[in-house]
Amino acid sequence: MHGGVKIYRGAAGAARTYLEADRSRVDDYYLAEGTGLADRYVASPSTTIGCQPGGDRMDLEPGVRTGGVLDGDAYERWVAGRDVDTGAPKGRLRTDDKGVRFVEVVVNGPKTWSLAAALHPEVAAAYDAAQERAARQTIGWVADHATTRVGPKGRQVQVPVEQIEAAVVRHYTSRAGDPHRHLHLQVNARVWAAGRWRGIHTVGIRDSLEAINGIGHAAVASDPEFRAVLAAHGYTLDTATGEVNELSPYTGAFSARAGQIARNVDRYEAEWRGEHPDEEPGPRLRRAWDARAWADARPDKVVPTDGAQLARRWVEELHDLGYRPPNRPAALTSLPVGALDRPAAVETILVRLGARRSGWNAADIRGAAEQLIAETGIVAPDQVRVELAEDLTARALEECVPLLERDDVPEHVRSLTSPHVLAVEADLTKRLTNRLMGPPLTGSLTKRLTSSLTSHAASVTASDDRGRSLDGLDQAQRTVVDALTDRSSNLVVVEGAAGTGKTTTLAAANDLLTQRGERLLVATPTLKAADVAARQVGTHACSAARLAHQYGFRWDEDGRWWRDHANNPPAASGRLQPGDVLLVDEAGMLDQDTARALLRIADESGARVAFVGDRHQLPAVGRGGVLDLAARWAHPETCLTLDGVHRFTDPAYADLSLRMRTGEDPGETFDQLMARGEIIIHASDLEAQRALATLGTDNADTLVVADTREQVGSLNASIRDARVADGEVSDTGAIVTAAGERLGLGDRVATRRNDPDLGVANRDTWTITGTGDDGVLALTGRNGVRFLPAAYVREYVELAYATTAYGAQGVTVDEAHRLVGEQTGAAAAYVGMTRGRDHNIAHLVAESPEDARDQWIAVFSRDRADLGPGHAADQAAEDVDRYGPTTKQTRPVAMQLAALRDQPGQPRRPQPPTPPAAPAPGPAMPR
């Protein structure tokens, strides 16, 4: 199970429509038909005593219990925050479209589980039962850990909920009619706590996503009934991915067909909405689109009209693809719970958490524990698995170090770290500060600038085909060149906005160092960036990971680092000598573990170090903040900034780009972009996607940037459809990848895994110039021609008409289009809006320009960078202040609220009735 939390705001009827749009209209089990029903659950923490809603004080029944079945009308009342039987409101309800109605996660599993269920009724029954048990476990966990906020504004505290309600809606298909058994698990925003109905603290649910996803996945993957039925039919699971091994080869073809049908429906709907603004399509029209989409995608097949007919088609398609069922049962192997090395498991959990972030919470630990249990192949009853997960969580909590020295930190705040994480940052700081203890700098860079450059100018060609002219550098660039070539500068930090000519500056510095017999070696976070640096700077460049590996550093998939001291010396191209400059480009994206290895290499070899990057662009994937640490400890004279923007053809846009970089007055920036035509507002997601698909085919040097891989995949497929229709891409003999993408002659693709033997790097882009019957692809790109085997193509080649922000950083094109949404952060927006020389256009889905402006402002308030444990501690403290501390466990809630109201110096407010006392919340996890 994977995915995000959806916070639903809006009308109850629209929520019902949202559910209807998530599955095929031939799925017999959905709300609009009146036969597909939502199951309602009521849950209280495992141990709780409180006031029964609407009644006298009494014990609430702990745990999860069924609350009946919801038909469509009852579901709408439930979403609206009303009692499903009486219609009475649960407390004071917001009636505008900003009010939170529910929090949703989707309980699903690998695609092959749904395929197995489509083939065998026994598997389907066991899978459905396992999913239901997983949903109940998830609801119970949420009830045990959810909070709400109470108290006067500005002095609120978080208290545990005493009762929640959840609705579970079962779907059997994807919206394209593909086998996709999944549950929509929706937790109502109205919860009972401290004597009345209140609003759930949605941030706490969002920050608990790792536990929710982990429980949902492990509960099914480790379910004895489900696993036994799979084994009885001859199926085995890949423990790392959870996929059914015998069905994995067929998922791509299924996804390709389903994706085409979904895109057809989207295209019809987008066209219809363009002609019928402010209207909503009805069920009859949607069914007509379904039938038309099936007919367009599969003109040789009969369009299914009900779920049973559709299931028969799935089985036929699998057989058409060559699938044959196993002819004997498979052995069900399981690691005994008692055989698990629990201390080693805890160590792995903390290593994995530390590789991903600097701070975490108990929910992150629980999620990692559940994932590890699933990966080890344990098959056990729910109670046994839960006890194991709770024990691993408790042990891991004991090994953690608190980032905050206070006892009122809410459980959802990421206020924990590990000794290893702290030690790495301490070592980085020590190595950086040691570089300031060399010979003192003589004079200032400004005074030395003229003589230094003049002494080298005679021996350096004034310019070459890369534009390396010292005369063409501005003053800031010249200062950077001087710092990089100054032998007394042991630590140089260079920051520059997008388009400030960092590459040109580095090329000039490399020329001067080469003339002096010294060397500039560039290390980058990715191999693709290294290839670009080598070509544009004219020196040896490699990925930071490659350089670390050459010097004996090793790491595993969990993020565990060590050093092989018996390793052979690095190749001459990667060997650093005293006086050489190790320059780390795109240093803002460098993680702390890799940075530590690079600094050790530089210290041992006597090389000088330079960090070049931009803290306003994308951060590291994992623990970052390396550029911040370097800037903090570098000498002021060698901590430099490039501020002259040279990329954009319009100087006025250069100024706007700098405003986006700093987030200065985003509302005013939005207004100026809107006036310039660089903000486009769409009425719906479908219309935005259709527009971007059209734009992506207009110009070969156009970049489309979105937030998630799912968005990118959808855009890539839509753009490809348009190119096929225009005759620019051939679909004849197309190769289908494991992800379900079709690749044919003329397609623009990206390789997604470094492979030195094949000569390809992650995120390199290519054009397909040849296809073979055996699945081999011939690719042509900037680095020449490559021939890729079918196995690599199937797993690691994907369409590249659109990309995420991480794929866009470092790219320059004529025109860039940025899809902006609720997941877009400030750095990702800035990167996407600075890739185009001529045009950079943001696309937003909004009801009005005012709504779009509010979204834009919200984007530039989101900073998702992980800058190390120090920053994580600051962020945790801010979260406690922003969302309120947790209640003290030694004082009843009512007493704490009274104390808050009666604090001296605070304005008096009308005092509501004192809520009944509630018990102190129990410990976060059993110990």
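This report describes the strands, aromatic pairs and nonpolar cores of a predicted model.

## Basis of the description

The model is predicted, and local features need pLDDT of at least 70, side-chain atom pairs count only at pLDDT 80 or more, and totals for chains, interfaces and linings use all residues. Residues are numbered from 1 along each chain as its sequence is written, and side-chain values use heavy atoms, with hydrogens and water left out.

## The sheet

An open sheet of 6 strands follows the order β1-β6-β10-β9-β2-β5, with antiparallel pairing. Its edge strands, β1 (6-9) and β5 (63-70), each pair on one side only. From one strand to the next, the twist averages 30°. Helices (H or I, at least four residues) and strands (E, at least two) are DSSP runs numbered from the N terminus, and two strands pair if DSSP finds at least two bridges between them. Axes are lines fitted to C-alpha atoms, for helices over the stretch in contact, with angles from 0 to 180 degrees between N-to-C directions.

Strands β9 (residues 164-173) and β10 (residues 179-188) run antiparallel and are joined by 7 bridges. R170 stands opposite L183 in β10.

## V42 in strand β2

V42 belongs to strand β2 (residues 38-44). With a relative accessible area of 9%, V42 is buried; buried means under 20% relative accessible area, exposed over 50%, and partly exposed in between (1.4 Å probe, protein chains only). Not counting residues up to four places away in sequence, V42 touches G63, V64, R65, G67, Q163, I164 and E165, where contact means heavy atoms within 4.5 Å. The C-alpha atoms of V42 and G140 are separated by 9.3 Å, although these residues are 98 apart along the chain.

## Aromatic pairs

A pair of aromatic rings is described by the distance of the centres and the angle of the planes. Rings of Phe, Tyr and Trp (its six-membered ring) pair if their centres lie within 6.5 Å; planes under 30 degrees apart count as stacked, over 60 as edge-to-face and the rest as tilted. By this rule the count comes to 13 aromatic pairs. One of them is the edge-to-face pair of W113 and F226, at 5.4 Å centre to centre with 70° between the planes. This pair links distant parts of the chain, 113 residues apart: W113 lies in helix α3 (residues 111-119) and F226 in helix α7 (residues 224-232). W113 counts as buried because its relative accessibility is 0%, and F226 likewise counts as buried at 0%.

Y250 and Y323 also form an edge-to-face pair, with 5.7 Å between centres and 85° between the planes. Y250 is buried, with a relative accessible area of 15%, and Y323 is buried at 2%. Ring pairs further link W113, Y127 and F226 into a cluster.

## Charges over rings

The charged end of K90 sits over the ring of W197, 5.0 Å from its centre. The charged end of R292 sits over the ring of Y268, at 3.8 Å from the centre. The criterion is that NZ of Lys or CZ of Arg is within 6 Å of the ring centre and within 35 degrees of the ring normal.

## Nonpolar cores

A nonpolar core is a set of buried Ala, Val, Leu, Ile, Met, Phe, Trp, Tyr and Cys residues joined through side-chain atoms within 4.5 Å. The largest has 67 residues, and I164 and F226 have the most contacts inside it. Helix α4 (residues 121-145) contributes the largest share of this core, 11 residues.

Leaving aside neighbours within four places in sequence, F226 is in contact with W113, V123, A126, Y127, A130 and V220. Apart from the largest core lies another, of 33 residues, among them A544, L582, V609 and L629.
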